[in-house]
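Me: Hey, I have a model open and would like to talk it through. Could you help me read it?

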Amino acid sequence: MTKPGNRFFAPENPLSNSLAPIKDELAVQIQHLNFAFGKGDLCKQVLFDISLNLPKGQIVILTGPSGSGKTTLISLIGALRTVREGSLRVMGQELADMRNADRVRVRQSIGFIFQSHNLFESLTARQNVEMAVELLGRFKSKRDQAEVILTQLGLADRMDHKPQALSGGQKQRVAIARALVNHPPLILADEPTAALDKQTSREVVTLMQTLTREQNCTVLMVTHDNRILDVADRIINLVDGQLESDTNPDAFINSHTYKNSKHDDAKMFIM
Ligand SMILES: Nc1ncnc2c1ncn2[C@@H]1O[C@H](COP(=O)(O)OP(=O)(O)OP(=O)(O)O)[C@@H](O)[C@H]1O
Ligand SMILES: [Mg+2]
């Protein structure tokens, strides 16, 4: 392992010699990624030698204890933070040391969904979604695109409502509509169902699953919610900044949950 925060310090594994070729079928290709917050004495490494491939079209759940580095990893993949050590390619583009302007372009090809929906309170559901289309300069089609996706998400009769007049599940569906409206090849979702009840969580992830299958995009979703694990093709567990396991939902549930509990609530969270 190289010294955290200093990529030029005695590298044991020179990436220039070990990088795999860019593969077209991969949405995300990560090799030997390390990440630390802070510098010098305050430097705290939170991701350790992560290597991971996400093929196009897969729905992948990222889970793990609080503080294990899930949001940090998602924000690096989403070009919201700078990759300084290791290789991280999104749709074939290397993010390591990428210039700010280029990272902005990468972000435009990603749909983000966060735990709190981050909608603009002063705009209607339709306008919130239209804004995402405007960002790509598509002013003529924005209304049609927003209406189509909001209708698909069951919000045809809620388009002209502002967020304060929508339920939690409806707001989260508007946020999903905003993330999907430009048909991004990659969706990054950080605990999208955390604020939702059981039934609404299920509805929201089922809709995400249907729409992403239709649009053939890749989804990486952070969740602690055991009730939605079955939507995934694959579950990755991150512990203390390291990949602990990478498996299918059945194998994961058998090895990581309180499966003998009589109470649904006890089964809800991943150990
Ligand atoms: N901006 C920051 N500056 C310094 N340390 C940070 C920063 N953001 C996160 N950390 C630290 O990095 C570690 C990983 O945090 P991260 O938010 O990625 O965890 P997480 O797995 O998403 O946790 P949770 O499940 O609680 O959301 C934690 O120890 C956290 O305190
Ligand atoms: Mg987090």
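Reply: Happy to! Helices (H or I, at least four residues) and strands (E, at least two) are DSSP runs, numbered from the N terminus. This is a predicted model, where local features need pLDDT of at least 70, side-chain atom pairs count only at pLDDT 80 or more, and totals for chains, interfaces and linings use all residues. Residues are numbered from 1 along each chain as its sequence is written, while chains are lettered from A and ligands numbered from 1 in the order in which they are written.

Me: Cool. Which residues surround ligand 1?

Reply: The shell consists of F37, K44, V46, G64, S66, G67, S68, G69, K70, T71 and T72; a residue is near a molecule if its C-beta atom, placed from the backbone, lies within 6 Å of it. Two or more residues each come from β2 (44-55) and α2 (70-77).

Me: And which element has the largest share of that shell?

Reply: That is α2, with three residues.

Me: How does the shell around ligand 1 split by class?

Reply: There are two nonpolar, seven polar and two charged residues. Ala, Val, Leu, Ile, Met, Phe, Trp, Tyr, Cys and Pro count as nonpolar, Asp, Glu, Lys and Arg as charged, and the others, Gly among them, as polar.

Me: Switching to strands: what does β9 pair with in the parallel sense?

Reply: Strand β9 (residues 234-239) pairs that way with β3 (residues 59-63), over four bridges; pairing takes at least two DSSP bridges between two strands. One of the partnerships is I61 with I235.

Me: How many bridges join β9 to β10?

Reply: Five, and these two strands run antiparallel, with β10 covering residues 242-247. They form a hairpin with two residues between them, and D240 in the turn has a positive phi of about 50°.

Me: What about A79, is it buried or exposed?

Reply: A79 counts as buried because it has 24 C-beta neighbours inside 10 Å. The cut-offs are 20 or more other C-beta atoms within 10 Å for buried, 12 or fewer for exposed, and partly exposed in between, with C-beta atoms placed from the backbone. A79 sits in the loop between α2 and β4 (85-90) and has a positive phi of about 60° although it is not a glycine.

Me: And where is H183?

Reply: H183 is in the loop between α6 (168-180) and β7 (186-190). Its phi is also positive, near 50°, and H183 is partly exposed, with 14 other C-beta atoms within 10 Å.
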